[in-house]
Each structure stands twice: as structure tokens, then as C-alpha cells.
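Work through the exercises below with the sequence and the structure side by side. Try each task before reading its solution.

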Amino acid sequence: MKKSVMVIGGGIAGIQTALDLAEKGIDVDLVEKLPSIGGRMAQLDKTFPTNDCSICILAPKMADCYAHPNINVRTYSEIKDISGTAGDFKVDVLKKARFVDEEKCNGCGDCFKVCPVSLPNEFDMDMRERPAIYMPFLQAVPRTATIDRAGVAPCSSKCPAGLSAQGYVALIRAEKFKEALDLIRRTVPLASVCGRICHHPCEEGCNRTDIDDPVAIAGLKAFVGDYVRQQGEDVPTPIEEDRKEKVAVVGAGPAGLAAAYRLALKGFKVKILEATSKPGGMLWWGIPDYRLPKDVLTAEVDHLLAHGIEIEYGKTVGKDLTLEDLKKDHDAVFLAIGAHKSLTLGVPGEDLEGVVHGVDFLHKIADKETVKIGKKVAVIGGGNAAMDAARTALRMGSDVTVIYRRTKDEMPAIGAEIKGAEEEGVKFEFLASPVKIQGKDGKISAIECIRMKLGEPDQSGRPRPVPVDGSEFTVEVDTVIPAVSQAPDLDTLGSKNLAVTKWKTLEADPGNLSTNVPGVFAGGDAVSGPASAVEAFAAGNKAARYIEKLLNGESIEPEPEEKDEHVITLEDIKARMKGEITKSERVLRQHLPDDKRRTSFEEVEKVFTKEEALKEAARCVSCGPCSQCEACAPACGPNAIDYTMKDQIVTLNPAAIVVATGFDMWDPTAASEYGYKKYPNVYTAMEYERMINAAGPTGGHIVRRSDGEHPKKLAFIQCVGSRNPQVGHPYCCSVCCMHATKEAMLAREHYEDINSTIFYKDMRACAKGFNEYVERAKSDYGVSYINSDATVQENAETHNPVVVFDVGGKQQSEEFDAVVLATTLVPRKDTVELAKKLGLKLTEFGFFESPDSILDFGKSGVPGIYLAGYCAGPADIPESVAQGSSAAAKAAEVLANSGGG
Amino acid sequence: MPENTSTEKEKPRIGVFICHCGSNIGGFVDVKAVTEYASTLPDVAYATDNLYTCAEDGLNNIKETIKEHNLDRIIVASCTPRTHAPLFQRTCEAAGVNKYMFTFVNLREHCSWVHMKEKEKATQKAKDLVRMGVARARFLEPQEETRVDVTPTALVVGGGVSGMTAALSLANMGFPVHLVEKDKELGGFVRSLHALMMTTKSANETIRPLIDKVNAHKNITQHLSSHVASVEGFIGNYDVSIGGDGAEPKEVKVGTIIVATGAVPLVPDGLFGYKEHPGIITSSEFEELCNKKELPRLKSVAFIQCAGARGQKVSYCSRICCNVAIKSAIHIAENRDNILGVTEEKAAEAGEAVEEPAAEKKAEEEGSERRRRRRGRGRQAEDGAGEEGAAPSSGVEVTVFNRDVMAYGVENELEFNKAREKRVKFVRYGPDNLPKVSVKDGKLEVGYFHETLKMERTMPVDMVILSTPLVAQPDAATLSQLLKVPLGQDGFFQEAHVKLRPVDFATDGVYVCGACRGPADIAESVSQAAGAASRASIPLANGFVQAEALTSVVDETKCTGCGTCVEVCPYSALRKNDEGISEVIAAACKGCGCCGATCPEGAITMTHYTDQQLLAEAKAALEEV
């Protein structure tokens, strides 16, 4: 069997090892954690002492590596587990899903332009932003985009309909309003409606909740629905296919509308039969205008129906025609008749005049019928129907008391409704349950209740209300509106063939919503009992999916529901954002003044203006960070994007392993004497390096963070964190003296008027050509060198950093325009974990240890595992390259002596 | 040059494939217009545009149209050849077209990406670029790539730590190695040293296992007391003559050569009173005295760093001397291995208590080692150590006069800290204020400028150790000529690229490592040596070298044998044949074109970039359209 070598780390050292081995016919797996190989060298602008363009000399090697037939470049991959010994290792490599097919993607970048997500670009030291689908830099190898998707945002995960909430929030933030609405419509056909009335579990999930307040996700949905319509851009989607099959949908509520819409988009002939005279079901009949204006509902339903959907009003199945009739004329039927029948309280006196059931009450109001209610109204129940009834009665001039058997905390109504009711003056009688409606002359005189207390949790998880013996009391009222629950009106439907549950709902397979009658599906409140609109939309979507399958002649066997994607937590975000999540106040929606609310049915919560919406959308912390808005796939010419891609474990069998994982930059924020992050014009050396790079965040311009001006006096401070035992890095990083010298030279090359001063401990210019380079910096580039420790203060007025230093025992200070800190280079932060997996020892400073660091540098403590580059201790580029080749030789020796290769 | 150029006679049939690259080109260049234009150009038999030429359907399109339209030359006008040329060349070959009949036109990096705001001009430029490509393509010729067999044996020149390491690595990979050492035994410069850093073993003890392994390895043939007398040939096929002391030269055939000849310390004649007093010695001489246990009685020692370096005799910093001085300073301070040669009797005679660390004391010290390494020492403390503080435990005051302490990396810096803990004083001097060594009444003293006090001071010492830089071997130039590899301005061997090819020479087949390419410590030399072994093993392992057919070709009828081309070739790819005429070693040629540009007779052309092709391209560029 042909033996191979694994190289961990695709920086210059690892690339060198891989190329050396591959060129003599040895197979190499080059495993890189990031989406591109190239490592730190790719981030550098120039290299000392020749000032060669770093990427110009590196990119060809990266390309050679990727194109080499003997090298399998495995980017976006990590070592999971390892076993075995030299000559025969077994390594499990986790190939993270990048959601883009490496074979198909040609790196054109068309997808970057459509992505609404903005994230800090790590490659540019967070100094600019990148989309969630990205390549870390222009010359990345492979030239393959990667979707930065660590999991699903909790908002999206919590949506009962599975709507990508983060997706449309991100699109709104990017002012892609039409795209946002299209995304919503793929799951929720009525965006303006849903945004107004949804109980938004998405917001409960929002990771901002624990920082300040959740993003107003539902409000944004209402905004974008309205906004696109107002802009006249809400035109029906052209339907490409034309199917001859006919589908009947019974009921024009949210479930029926959703199913009809989905099926119409697929080209089926869809006819809705609606028993009433208006579309929307409970949306029309159950939700008063002050929450959902009828014109909004009408506009959205009209848009939906415009997709070739036929609708017939006043047709009740079971009365005007039978289910069997429907079946005869159609290839499939979807029953979505809702739950419109009020359930009774089951207490004496319910037949008295003055008892109006909640659903009937609201229906009549919606139908503009005159409903007579009294001065003192009791509403029984704690759900949305109860709140709607209470707030409606209030608007009709009554004094309203809500009687609920648990406490406010257990009320199923959405918070905004309860709050609205309270604000408007609805009274609440909690922990009370009616036992009798008392009457006089056939009319109500009072309601007798019993006090309740909370007991053990019931099936719903809420504490069970238990009556307190002898606690009866009466409330004087003249009208009682019971609004406890509703049920589907199955009597009217009148089909004996359909199976019914013991709760008097239609029986349907929860997996595909098929009923016991072939070709007949059912969903929404008629199946689930009273639930939310968004759940009804979800049911409509599901029914449509399986009806389509049925009509395609496919199996309607329920598909397994995949819900294994990691839900992003606040901890995940804190880790990604390095703990920097700024608080930002939730934008509150304008409200109708309280006094007007008591007399008017005008919409209470105003929809966001565009400005408010943009401000609110900007609060989203991009949990995913990919928002799963799915805008990129259609933008991809070669169809390279695959959202279903999964992480994979690949088991490899290398004979030898070379570790070349490089270094990280120490964050100097904690060392407050340097003022990093405290003073705007203090930079780290790598930030500066990215700035002077023409492809970098400032296009090669050195600019001050405080004012965008280019600095004329630059200070470089060496050994920031290094040669400093106090912060745990007593060692010297070996490269910063030359690096600073180069940076100072480049400053002058960019701007003739820049003067640089380097504060150093020892100018360690001690390899080939280095001393000459420093001399040249002094003579040709006017760079000054001052042998001193230095700290930084600031002139608060100009934001000029002030460097405090020491010459000849005297403290001095000098003002500069900007300061660049040569921060310590430290082992990559996952080194400890990797070392554990590989069984390698680390030095006291966290570098991989070579037990014989004199004669066998690069040989680790484990036979068959070798080290190269900075992960084994400070080394510059040529040293890393030499070590890369050296490790290749050692690996080749193993192969030669283990009978293969 | 290949014989079969039958297509030359026939009229070319060129296929042009113009890529939109999504919107990358298509967004800024009117690709349809360029395609239409291309189809009007002479000898273009077929022109089309693709959304992505590199995608599966684009590649199939090329293959199919080659057959359908009988195309013999292919142009793809798209992105960069760096990433995509091999792909399209493979596609051509799969359809039976020689890969050298393919040419690339870059419409993305060279056109659309730089002219995003001027669509019309970008379109015009794209037309110009395509026209140029077509003009060149008409003169393309199929080429065959040269393949040269390689003798799977290596030569390593130099038997020091670098040479031994390189030889051992190659031998372990299974290749026979000839190891040439001019001395009569292996070990090189290290053999002359007393002690090393980071180990309590002596230098000789430290390298003994390496020497033993080399001696024991069956793949290594040692040539001691020998030198490389002559070298003929090129990569894969070197005939090397190894000369010995009076012995008959031995002829060996090797495929690759590693140069590991090391360096020597500078003799500081005329600097700091060297040779004027027996107490003024170099650091190498100090090592020898330690080895021989002949150090005189010492009370105060001064090291002077950069003795001859950084602008004195040589311009460079010799990298290792500070760390050598730190090591020696610590050893003196600790009287390690009793290098001070003080016996207890002698000490009693002199009435001094000499501290020889007892066993338990040693253990205790090692226990505190970790804490010390963690703790280190602040920079400020160091300046204070310049004048005062207790003497080291050995009772000898040690002062290191330095310009910058080059204690780079982890271990060196920790040793530097340790030296300061041991009360070794480090006194900085500037290039304008060199320390002055003088002899007063037969006693040595060092005069220096105190940076803090801003005044001249003197310090009486018993010994001045001059840390002199490593310089190139005296015979480096000879070897460089034999191997036709360059030396840098400091006389060290010059690698191919200072950053990315640290152990290669520009000439294929010859590699370099260790101090002969510049001062390096043992660990660095060893890394380079194994690295050079890796590089040198590539042709050996393959058994052949294959060169792209981008080489120069000498017209023997025009060549006058002036030899200019041989001089200018950076890769030693040209030589004179028996008739004095230049000939190209195709395996070594990189196709850079230096020879062709220099040849006074115009006798040299470059395959695939012929004058005819390039001139046609240039003329096409200037054509009025």
C-alpha cells in the first residue's frame, strides 16, 4: 500500500513540507483549519530584508500545492482524533461543511455581493467587514467560497414554521427589502399580517435577550411586508410550470391560504372554498382592526390570490356540497376549516341573555353587525381571543374585567396584548374561575366565581389551578363573554368517513397531514385545535408539500424531520466577537395615544418607518453567522452552493505527521500601559501590516482611526508583551525587530513626509542581510532608533499618542500621530488541544517541544511526528521553510524505513 | 527541437474561447462583441463565449469543438494562467492537441478588474488582447518535454554537523552518499569547542552520537582528508573527482550535491589590541583554553562583542556570538566543570573560597530554574548591573560589552536572563564609542563610555575575550567556481531566494546548508541540513527530472563559441561542447531568456517564446483597428 504523510497547518512551513514530499511522489494530506492555505505569510504586505511582496512570492507556492496531483489540500478541516504509531497512524479529520462545492466553485465572488451579513474580517484583523459567504482574501487557495455557518440562529430555530428570521432581518439591514419579503413568503405567505399578530417565539429565542432586549423581529416582518407593497414592488411571482391537476382547499384561513399559495406556485389549479364572505379565517373574524387592519389583510390576501388561485365565498362543505363531491372534481383536497366553534364554560346560567361567546362576539364586530353589550363586562379566559374580546368591549365603552383562573404569568395571550389591555384600562381578576352566572329576569346580574390557587404543573407545564374551598365571591356584571377555547365545527363538515380524534378535531398523520381518506389532507386549527397563525401557515406548507408529492406520483411517506443543527448560544457569539457585544436599545414602535385607544379601532402599534427598521435590524448580532437567507445559491452561476452539506469525518492513514500550525498574535489590550483599544491611534503591528497592504482594509493607506488622516510621525514600540516575564512571555519573538524596521521603511515609501522612530530593547538584526537592512533604514529612510522601553499615553484633545521613554536614565516623552505595537507572537490557541490529541509535549511557553533541540530540532517526542515553523518556537520565514523541508526529510525517512512510499 | 512540425505547413485552425467568468469579465467587457471580433481574425476557425470556461461544460465544449472543427491551436481568454493554464492544457491534451499549442489571454486581472468603470475601453482592450493572442498562436509549435535520468547518489561536501546531518538523512532515505571532509576526522568547527548552550555535555560528547551514526551507516562513503577537485555535468549526472592528500583522485557519479563547508572565525588582527597581550584572545581561543584546562587565574573578564563585525571588518552581524559569549560568561560565573582550573588547595593558598556547587545545591538550583525562567529579569535591572552588584559565585567579574544582545528566540533570551541573574554585567557601547583595550604596567584594562553617566570609565581586567564573527571558508570561492554556484557579497554561499528557497541554489541539483551560507547555530544548521537533504532527495527519489519545454535552443550554424551565454546563464544550463559550440542542458534550463537576449549572433531562440511569436504579438498590439 502506498504510504502517505499528513501535514497539519497550511502556512509556509506546511506548504514547503507538502511540496517537498509530493515532488518525490509521496502522497500528502495537507490539513488546514481555515478556508484557505497561506497562513500568516499571506497577511504580510512585504517581507524583509528584500521587501518582496509577500503574497506575490507565496501565492505561486499555494497554487502549486493545490494543483499538485500528490497533495490533497484539505482546508476548513481539523484533527479530531489520532491513534496508531509511526508508519501506521490513524487520523480522524473533521471536514467542516463549507456549503460550497470545491469542484464547482470558481471563486468569481458573485455570491459575496448578495450576502446581507457583515462580519469582521479576521484576515484584515477585523479592520473591515466581510460577508458570511466569503473567501478570506483575494488570492485564497482553494479559490472556493465558504459559508460561515456555525449553526442556526435561535430565532430561526424557534419559529414554528421554520422561517429564517435571521435571514430576513439581515436582508432588511442590507436594505434588500424585496429579497427579505421573498424569503418570508417562502414560509409565511402573509408577511404584513404575521408580523402584526404573531406571538413571535423567535424574539423569545433572540440571543440579545440576555444582553438588553430581543430584536423586534416580528415588527421588522410587518415593516417589510408593508414597505415593499407601498413601494409597488410586491408583484406576483411568475409561475413557470403549468400542471393540470386540481386541488380543492376548504377554508381560507392561514392554513388554507398557505397551502393554496404553495400549490399555485407549483402550477396546480387551486380552488379555495370559503364558508364565510371574507378570506383570512380567524385573521378576519377573530382579530380586531386595532391589531390587524382589514385593509392590510385584504391587500396581502389579494396578492396571494393573484397567483391564479380561484376562491369561492359562501360555500360550506357539508352544506352546499359534500366532501365526496369535492373529491370527484379534484385530485386532492385540503381541509383547513379552522376552529370557530366556541366552547362553553359549562356553568349554570350560560343561556342567559347577555352571554356572548368570544368568537361570536368578535365575528359580529368584524361583520360590522351591531352587538349589544352592557356597561359592565366580564371576559372569561386568558388567551388572545379573551384579550381581543376585552379590548374590543372596552372600545365599545364598557367597563371590562378579565377573569382568569391562573396568574398573569401563565396567560397564553401574547405579551403585547396583555400590556395593551392593561394600558387601556382592562381590569384583571386573576386566580378566579366562574362557577355560576347569576341572572334576574332572564338577564345577567352577576357572575359568581371561586378563588383558585396554583398547584402542581399539568400536562402543559403550567401549574394546575385548584379551587379554594369556600372562597366564592361575586362580581356584578351585565355581560359575560366566555373566551376559553374553540373547536372545529365538524358537524357542519358532516362527513362520516373522516376519522376524528377524541378531542373532536380532525385526525391527520402529523408527518404528512393525510387523513384516513386517500387524497384528503387536513391541517391548521381543525387538526391541532386552536393554535397560532404561524403554526397554521406551517401546516398549510406541509400539506402542500405532500399533496405535491402525491400528485407527482411520489411516496408521501413522512420525511424524517432534521433538527440536528447546533443552535447558536450567547456563549458562541461572545467567543466569536471576542466578548465585544455592545448594548443597543430596542427601537420601540410608535403607539396610538392611550386616550384614543379607548374609543377607536385604529391600529395601536404603528409599523416601523424605514429608518426605524434599519436601526432595529442593525441590532441583530448575526448569530449564524450565516443568516440562512439563501440569497447566495441563486446568485451562483455554477450551482456550487449546497445548503445541505454536512460535516464529515474522514479517516486517514499516514505513516508520518508533520505539525506546522504557526502562531497567533498576543492581544495587548490587557497591558494598559500601551493604550491599545483605549487610544484610537494605537495599532498592533499586524493591523498596520494590513493597512499598508494595497489589498487591505484601507487600500494601502495608513490612516488614523481618530480622524482618517495619515500620520506624519510614527512610533514603533518593540517587545510589547515579549521579553516580559510579567505577562508570561520572557522570550524574544525573533522577528519583530526586522518587522518594525520594514514597516518603518514602507511608511516612508508610502508617504515621503512620514518619520518613524523605533523604541527597542536590543535591535536584533542578526541574520543574513539584516544588519545592512537596519543601516539602510537609518540612512535611506530616515528611521530613528531609540534604545528604551516605552509606554503610551494620549493627548486627549488631538488623540495623539504620547510615548513615554527613558534615555540615559531620564524619563522623556514625545507626541506621535500614531503608535504601532510589536506584540508577542504566541502559539495558536488550540495548540494545547492538538498536543493532547497527538500526545506531544509543550514547552513552558506553549510551543511544541523538540526533546533534542540541539541535534534533532523538529523531532517531537512521539516517533513519526515532526515539527516545523513557529509552532515549534520563534522562527522567521526562511527558517520556517528550512524546517519545513527538514520535517519532510524526517517524514521521508520514516516512509523509507516502513516499507512503502 | 521536435522534428514533427507538420502543422507548420498547414494553415492553422485556431479556436478561441472567451469566458464571462460570471460577471467578473462579462460585467465589464462586452464578451459577445469580443467573441464576434475574434471570429473575424485570421486563422480563427471557431470562436465562442462561455459563462465559465473552467466549468465542466466549458471544458467539454473545448474538447468537442476541437474534434468538430478540427482545431489545432486553442486560446482561452479568461483569468490567470497561474491557476488555470494546467487545467486547459490538460483539456487540450485530452482532445489530442499538444499542450504547447494552447495559449492564455488574461481578460480578468489584465482587463476587466482594472477597467471596471470604463466598459467600452475595456471591451476594446479585450479585443486587442485577443488579437495579440491569436497573432502569437499562429506561430505556436508542439513541443516535447525533456526527461533526464538521475543517478540516485548524493555528494555532501563538508563533514561538520551540517554535512553529517544531511548525509545521514539521505542515507536513511536509502540513497548512497559520498561525504567529503577536508579534515582527517568528522565533526567540523564544533569539535574545537569546549561547551555548548542548553546542555551540560561537552561539545564533543554532544556530537559523538551523530558521528557514530555516520560511521555506522552503510550508505555513507566517507572521504576524509579530501576535497572536491573537479565537477562536470548537471543535475542528475555529475561526475565528481575527489582529491585526497597525495592519493589518486577518486571519480564518483552523483545526482545531487549538498554544500556544507561551514565557516571560520575571523582573526581580529589589529583590533582591540589582539596579540598585544596574552590576555587578549578570541572566543574560539577561549574554547581551546577551556578544553585544555589552561585558563589563567581570573578575577575579572571582559567580552567584547562584534569584534570586527557590524561595520568594522565585515558589515554583518554574525548572529551566534552574543549567545556564545552569554554561554561562556555563565560558565565562568558558575565555574562550570571547574573551567577556571582552581583546585581547593590552590584556592586555600590564595585564601579564597571557591564555590563548587555541591550535589544537593545543584539540585536545588535546577528546582529554581523553572521559576527563574518564568520570572526573567526586567530590562531596568540590567542597567544597574552595569556598575554595581555582587560578583558571580565563582568570584570572577564578567562584563560583556555589546551593541545589542542578539539573544533571539526562547532559549537564548532565557540564557541571557540567567547570565544577568548570575551577575554577569552587560554594558552597551555605540558604534562611535568602541571599548578601548589597553595595557598599563603589564595589566589589561578596558576603557568605555558609560551611557548613563555620560563619561569615560576604565575597568581593570585579567582577560579580554573578543567575540569575532564567523567568516566564509578561505576556499569557498574555489568550490563556488567548481559548482558554478554564487557567493554573496560577504563571501558566504548565496541561496536561490532569501525567503522561500533558503537551502537551494538557483542551479538545480545543488543545495546549501549550515554556516557556509551564513552564521548559524547548531540547531539552525541541523534544520537546514535536513532541509537540504529533503530538497536533494527529490530528483534522486524520482530517478529523473523533467523540464517544461520552455528552453533555449542554440543554432549551431550561427554560434561562434564566444561563450557569452555560458557566462550570463544564472542556472548553469549552458556549456560548450567538444567543438567549442554552446549547447543547452535542457534539464537545467529555466527558459529565462537571458542567453537569447545576450547572444551577439542571434543564435539562441526560446522554444514556445520564439522571436517570431513575440514579434507577431507585439505587432498585433500596435495594429490600428
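**Exercise 1. An edge strand in chain A**

In strand E33 of chain A, A:Ser784 is the bridge partner of A:Thr757. This is a predicted model; local features need pLDDT of at least 70, side-chain atom pairs count only at pLDDT 80 or more, and totals for chains, interfaces and linings use all residues. Residues are numbered from 1 along each chain as its sequence is written, while chains are lettered from A and ligands numbered from 1 in the order in which they are written.

Task: Which strand pairs with E33(A), and in which sense, parallel or antiparallel?

Solution.
- Step 1. Find the strands. Helices (H or I, at least four residues) and strands (E, at least two) are DSSP runs, numbered from the N terminus. Strand E33 of chain A covers residues 784-787.
- Step 2. Find the partner. Strand E32 (residues 755-760) of chain A pairs with E33(A) over four bridges, in the parallel sense. Pairing requires that DSSP finds at least two bridges between two strands.
- Step 3. Add another pair of residues. A:Ile786 in E33(A) stands opposite A:Phe759.
- Step 4. Place the strands in the sheet. The order is E30-E37-E31-E32-E33 (chain A), an open sheet of five strands with parallel pairing. Strand E30 (682-684) and E33 of chain A are the edges; each has a single partner strand, so one side of each is left without a neighbour in the sheet. From one strand to the next, the twist averages 25 degrees. Axes for such angles are lines fitted to C-alpha atoms, for helices over the stretch in contact, and angles run from 0 to 180 degrees between N-to-C directions.

Task: Which residues of E33(A) form the covered face, and which the uncovered one?

Solution.
- Step 1. Recall the rule. In a regular strand, side chains alternate between the two faces of the sheet.
- Step 2. Sort the residues. A:Tyr785 and A:Asn787 make up the covered face of E33(A). A:Ser784 and A:Ile786 make up the uncovered face.

**Exercise 2. A hairpin in chain A**

Task: How many buried residues does strand E36 of chain A have?

Solution.
- Step 1. Apply the cut-offs. A residue is buried if 20 or more other C-beta atoms lie within 10 Å of its own, exposed if 12 or fewer, and partly exposed in between, with C-beta atoms placed from the backbone.
- Step 2. Count. Strand E36 (residues 810-815) of chain A has six residues, and the count of buried ones is zero.
- Step 3. Find the partner. Strand E35 (residues 800-807) of chain A runs antiparallel to E36(A), joined by six bridges. A:Gln812 in E36(A) stands opposite A:Phe805.
- Step 4. Inspect the turn. Two residues lie between the strands of this hairpin, and A:Gly808 takes a positive phi near 60 degrees.

**Exercise 3. One residue, distant partners**

Task: Why does A:Leu614 count as partly exposed?

Solution.
- Step 1. Locate the residue. A:Leu614 lies in helix H22 (residues 610-617) of chain A.
- Step 2. Count neighbours. A:Leu614 is partly exposed because 17 other C-beta atoms lie within 10 Å.
- Step 3. List contacts (C-beta atoms, placed from the backbone, within 7 Å). Leaving out residues up to four places away in sequence, A:Leu614 touches A:Arg173 and A:Glu175.
- Step 4. Compare sequence with space. A:Leu614 and A:Arg173 are 441 residues apart in sequence, yet 5.4 Å apart C-alpha to C-alpha.

**Exercise 4. Chain B and the interface**

Task: What is the strand order of the open sheet that holds E10 of chain B?

Solution.
- Step 1. Read the order. Three strands run E9-E10-E11 (chain B), with antiparallel pairing. The edges are strand E9 (226-234) and strand E11 (250-254) of chain B, each pairing on one side only.
- Step 2. Check one pair. Eight bridges join E9(B) to strand E10 (residues 237-244) of chain B. B:Val228 has B:Ile242 in E10(B) as its bridge partner.

Task: Which helix gives chain A the largest share of its side that touches chain B?

Solution.
- Step 1. Size the interface. 63 residues of chain A are in contact with 65 residues of chain B.
- Step 2. List the elements giving two or more residues on the chain A side. They are helix H1 (12-23), helix H2 (54-67), helix H26 (770-781) and helix H28 (877-896) of chain A.
- Step 3. Pick the largest share. H28(A) supplies it, with 14 residues.
- Step 4. Note the scores. The model has ipTM 0.85 and pTM 0.87. Chain B has a mean pLDDT (the predictor's confidence in each residue, from 0 to 100) of 89.

Methods:
Contact = placed C-beta atoms within 7 Å.
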